[in-house]
Amino acid sequence: MEQSADLYNVLNLMQKSEVLGEKALRDKEELVQMDRIRNKNREALNALKRVPEKETVYLCVGNMFFKQRVPTATKLIQDDQKQVNEHIEKLRRQLKDNVQQIQEMEDKGEQFAKFNLNPLTRDEMKSFSVVMNSIKKLDLSQ
């Protein structure tokens with residue numbers, strides 16, 4: 001009886017690990033697709049910089065083309081770029097969480113916990129730079 005319970009627990013753990021692994025692979029693939037979209041948006045924004053503002057350009061959205069003035073097209077692409085960046089960050093957090101759960105199932109969670117770091121935000125970086133510049137101005141050699 002105890003052996004079958006152990007076997008059931010092992011199979012259940014393997015199933016959960018496989019499900020999390022599949023989620024991680026799907027998130028990784030979606031990250032690649034979203035990064036392609038982000039690169040296309042960046043290329044489009046750079047191309048629009050070379051077009052006079054009074055001109056109209058065609059935008060492809062799905063299977064349709066729309067004719068828009070350059071400022072409107074730029075605004076639409078920038079808004080899309082913002083949404084894509086937010087989605088990419090969300091996917092990265094999900095991916096990190098899924099991988100961490102898999103590592104915890106394998107009893108390796110503590111081993112990699114120190115790698116679960118987040119980068120500094122732009123505001124935090126600015127604050128850090130201000131502090132570092134203040135420290136540099138102090139003459140600590142005395």
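How many helices and how many strands does the chain have? In this predicted model, the chain has 4 helices and 2 strands. Their order along the sequence is α-β-β-α-α-α, with helix H1 covering residues 2-48, strand S1 residues 56-61 and strand S2 residues 64-69. Helix H2 covers residues 70-105, helix H3 residues 109-112 and helix H4 residues 122-137.

The confidence of the prediction varies along the chain. The mean pLDDT is 86, and 89% of the residues reach 70 or more. Confidence is lowest in helix H3, where the mean is 58. The highest value belongs to strand S2, at 93.

The chain comprises 142 residues, of which 18% are buried. The exposed area of the chain is about 12,100 Å², and carbon and sulfur atoms supply 54% of that area. Among contacts with a separation of 6 or more, 58% join residues that are 24 or more positions apart.

The two strands were examined next. S1 and S2 pair in the antiparallel sense, over 6 bridges. Together they form a hairpin, with 2 residues between the strands. Gly-62 lies in the turn and has a positive phi of about 65°. Across the pairing, Tyr-58 stands opposite Lys-67 in S2. In a regular strand, side chains alternate between the two faces of the sheet.

Helices H1 and H2 hold the salt bridges described here. Side chains of opposite charge can pair when their charged atoms come close. A search of the whole structure finds 3 salt bridges. One of them links Arg-38 with Asp-35, whose closest N and O atoms are 2.8 Å apart. Both residues lie in helix H1, 3 residues apart, which corresponds to about one turn of the helix. The two partners fall into separate burial classes: Arg-38 has a relative accessibility of 18% and counts as buried, because the cut-off for burial is under 20%. Asp-35, at 29%, counts as partly exposed.

A further salt bridge joins the side chains of Lys-75 and Asp-79, with an N to O distance of 3.0 Å. These residues are 4 residues apart in helix H2 and so are separated by about one helical turn. Lys-75 is partly exposed, with a relative accessibility of 47%, and Asp-79 is also partly exposed, with a value of 35%.

Helix H2 also contains the pair Arg-92 and Glu-89, which are 3 residues apart, about one turn of the helix. Their side chains meet in a salt bridge of 3.2 Å, N to O. Arg-92 has a relative accessible area of 40% and is partly exposed. Glu-89 is partly exposed as well, with a relative accessible area of 38%.

Residues of the H1 salt bridge also have distances to helix H2 that can be stated. Asn-85 lies in helix H2 and is partly exposed, at 29% relative accessibility. The C-alpha atoms of Asn-85 and Arg-38 are separated by 7.5 Å, although the two residues are 47 residues apart along the chain. Asp-35, the salt-bridge partner of Arg-38, lies in helix H1. Its C-alpha atom is separated by 7.7 Å from that of Ile-88, and these two residues are 53 residues apart along the chain.

A nonpolar patch is found on the surface. The patch is formed by Leu-120, Met-125, Phe-128, Val-131, Met-132 and Ile-135. Together these residues have about 520 Å² of accessible area. Met-132, one of the patch residues, lies in helix H4. Its relative accessible area is 32%, and it is therefore partly exposed. This value also meets the requirement for membership of a patch, because patches are made of residues with over 30% relative accessible area.

Note on methods: Residues numbered from 1 in each chain as written. Predicted model: local features only at pLDDT ≥ 70, side-chain atom pairs only at ≥ 80, totals over all residues. Heavy atoms only, no water. Buried < 20%, exposed > 50% of the residue type's maximum accessible area, 1.4 Å probe, protein only. Contact = heavy atoms within 4.5 Å. Areas by Shrake-Rupley, 256 points an atom, 1.4 Å probe, with all protein chains shown as cover. Patch = residues over 30% accessible without salt bridge, like charges linked within 9 Å, V, L, I, M, F, W, Y side chains within 5 Å. Salt bridge = Lys/Arg side-chain N within 4 Å of Asp/Glu carboxyl O. Pairing = 2+ DSSP bridges. pLDDT = per-residue confidence, 0-100.
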